[in-house]
Amino acid sequence: MDQILVRGNGPLNGQIAIAGAKNAALTLMPATLLTDQPLTLTNAPRLSDIATMTQLLRSLGSEVASLADGKVLAMSSAAITNHTADYDIVRKMRASILVLGPMLARDGHAIVSLPGGCAIGARPVDLHLKALEAMGAEMDLREGYVHAKAAGGRLKGAVYEFPFVSVGATENALMAATLARGTVVLKNAAREPEIVDLAQCLRRMGAQIEGEGTSTITIQGVDSLGGATHPVVTDRIELGTYMLIPAFTGGTVECLGGRLELVAAFAEKLDEAGLSVSQTAAGIQVTRGGGDMRAVNVRTEPFPGFPTDLQAQMMAALCTAQGVSVLEETIFENRFMHAPELLRMGAKIDVHGGTATVTGVKNLRGARVMATDLRASVSLILAGLAAEGETVVSRVYHLDRGYERVEEKLRALGAQIERIKE
Ligand code: EPZ
């Protein structure tokens, strides 16, 4: 397993290009199953999760061509020749569950392995199933697989209210509803930019959707969808991650393609902590003037609140802020696994349940640390940029799932970082 070695060094300065959003691409790709026409995604990120979704779609009978060094995904699903999403692929990536809604909508039946938990929590899929059942799907759980059938062969109109916000369940239901007979109303739907991006792509394919980005999405089902070409929205989590660099090293970083409306709640917290954030013509510029970061309190919430996917990175930045910060993680039940690794670097963090209290220290010291999940891995690399001495992060396969060519992007800013191939 590869490792990443990073040495603390002075201010980093320069521009960093932000890729297309992993969490948009992972729901846009299964949309190919909704139509027998070509669906092409541009601005696609080059990540191992995309390769996993490609492998899954091909196993179902889709053609997926990766073009332009992976930035273009040309897909076509003339027919779904296999309706079973196998455990061996699904267990590698939870987002695989997002082929369930499209297969049910297209052909009225599907068999999808339950994803199993992951490092940050149990992550059940009960809301995915309940929303599809509301549209007339019958679900039978057998040997770890969901055997789903649309009663009468086609999903139907329904009104479904999510008991709490779920990004993936909203995406599955939204895709399934596009081909239902009748009107589907999704209440307490997720409002993430990735949902808006999916709705815009589906509309290009001929879907009739209103309200994306609000808590109520209304879909008028149609008999079939056409093809489209759609640019994947900018990755707001990669954007937020790199906006934080000046918090660790000082200097000025411009994140190309960044738009403030994608990260408004996060940018407000950076401003409160003493960074200056501004929208430029090319993207978002962040600089740290004199003085230390100030402690701030953070509570993760569904969009438009502070994103849970930026909590680990923010915690790492607050380790050397002046004062005491309190971070509340309200989305996942076990998303502080980066804390023990930061403690190894000299941080002062107390974790009680879903709350972490960070007491700022003068500086961190390099250490050998272990990545535990995707976002924790990048927060350890950022901490290594700020630490005295050398940090070696192991299990970086987590990192490669969601961050495109990290060491290249950081080295271009002047970071001393290299990948040690094992
Ligand atoms: C998406 O996961 C993202 N993944 C996650 O990003 C992100 O952290 C999460 O949304 C929240 O924003 C992708 O888009 C591929 P949820 P998802 O359904 O859809 C519980 C990353 O780092 N829940 O909004 O799985 C669930 O356990 C990843 O890129 C149920 O109980 O998140 C969690 O506690 C990590 N039953 C909460 O709801 C369900 O049926 C929110 O989950 C579904 C979810």
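Start at Asn23: a polar atom of its side chain sits 3.0 Å from an oxygen atom of the ligand. Keep in mind that this is a predicted model.

**Stop 1: polar contacts of the ligand**

Stay on the ligand and select Leu127. Here the partner is a polar backbone atom, 2.7 Å from a ligand oxygen. Next, pick Ser166. An N or O atom of the Ser166 side chain lies 2.7 Å from an oxygen atom of the ligand. Now show the ligand surface. On its own the ligand has 820 Å² of accessible area, and the protein covers 88% of that.

**Stop 2: the shell around the ligand**

Colour the helices. Four elements each give two or more residues to the shell: H1 (22–28), H5 (126–134), H6 (167–177) and H13 (374–386). Which of them gives the most to the shell? Helix H5 does, with three residues.

Select the whole shell. There are 22 residues around the ligand. Those that come nearest are Asp126, Leu127, Ser166, Asp309 and Ile331. Colour the shell by residue class. The split is 10 nonpolar, five polar and seven charged.

Switch to domain colours. Domain 1 takes in 2–18 and 293–421, while domain 2 runs over 22–231. Each of these two domains supplies at least three residues to the shell around the ligand.

**Stop 3: the second largest pocket**

Leave the ligand and select Arg288, Asp292, Thr320, Val361 and Lys362. Of the 16 residues that line the second largest pocket, these five lie nearest its centre. The pocket's volume is about 220 Å³.

Where does the largest share of this lining come from? Select helix H9, residues 245–249: three lining residues belong to H9. Then colour the lining by class. Six residues are nonpolar, seven polar and three charged.

**Stop 4: two backbone details**

Go to Phe303 and Pro304 and display the backbone. The peptide bond between them is cis, with omega near 10 degrees. Pro304 is in the loop that links strand S18 (298–299) to helix H11 (311–318).

Finish at Asn43. Its phi is near 60 degrees, which is positive although the residue is not glycine. To place Asn43, show strand S3 (39–42) and helix H2 (48–60): Asn43 lies in the loop between them.

Key. Residues are numbered from 1 along each chain as its sequence is written. This is a predicted model: local features need pLDDT of at least 70, side-chain atom pairs count only at pLDDT 80 or more; totals for chains, interfaces and linings use all residues. Side-chain values use heavy atoms; hydrogens and water are left out. A residue is near a molecule or strand if one of its heavy atoms lies within 4 Å of it. A polar contact is a pair of N or O atoms within 3.5 Å; within protein, one must be able to donate a hydrogen and the other to accept it, and residues adjacent in sequence count only if both atoms are side-chain atoms. Accessible areas come from the Shrake-Rupley method with a 1.4 Å probe; for residues, only the protein chains shown count as cover. Ala, Val, Leu, Ile, Met, Phe, Trp, Tyr, Cys and Pro count as nonpolar, Asp, Glu, Lys and Arg as charged, and the others, Gly among them, as polar. Domain bounds come from an automatic or database domain assignment. On a 1 Å grid over the protein atoms alone, a cavity is a set of points where a 1.4 Å probe fits but cannot get out, and a pocket is an open set with protein on both sides within 12 Å along at least five of seven lines; lining residues have an atom within 4 Å of a point. Grid points are joined across faces, edges and corners, and a volume is the space filled by probe spheres set on the points.
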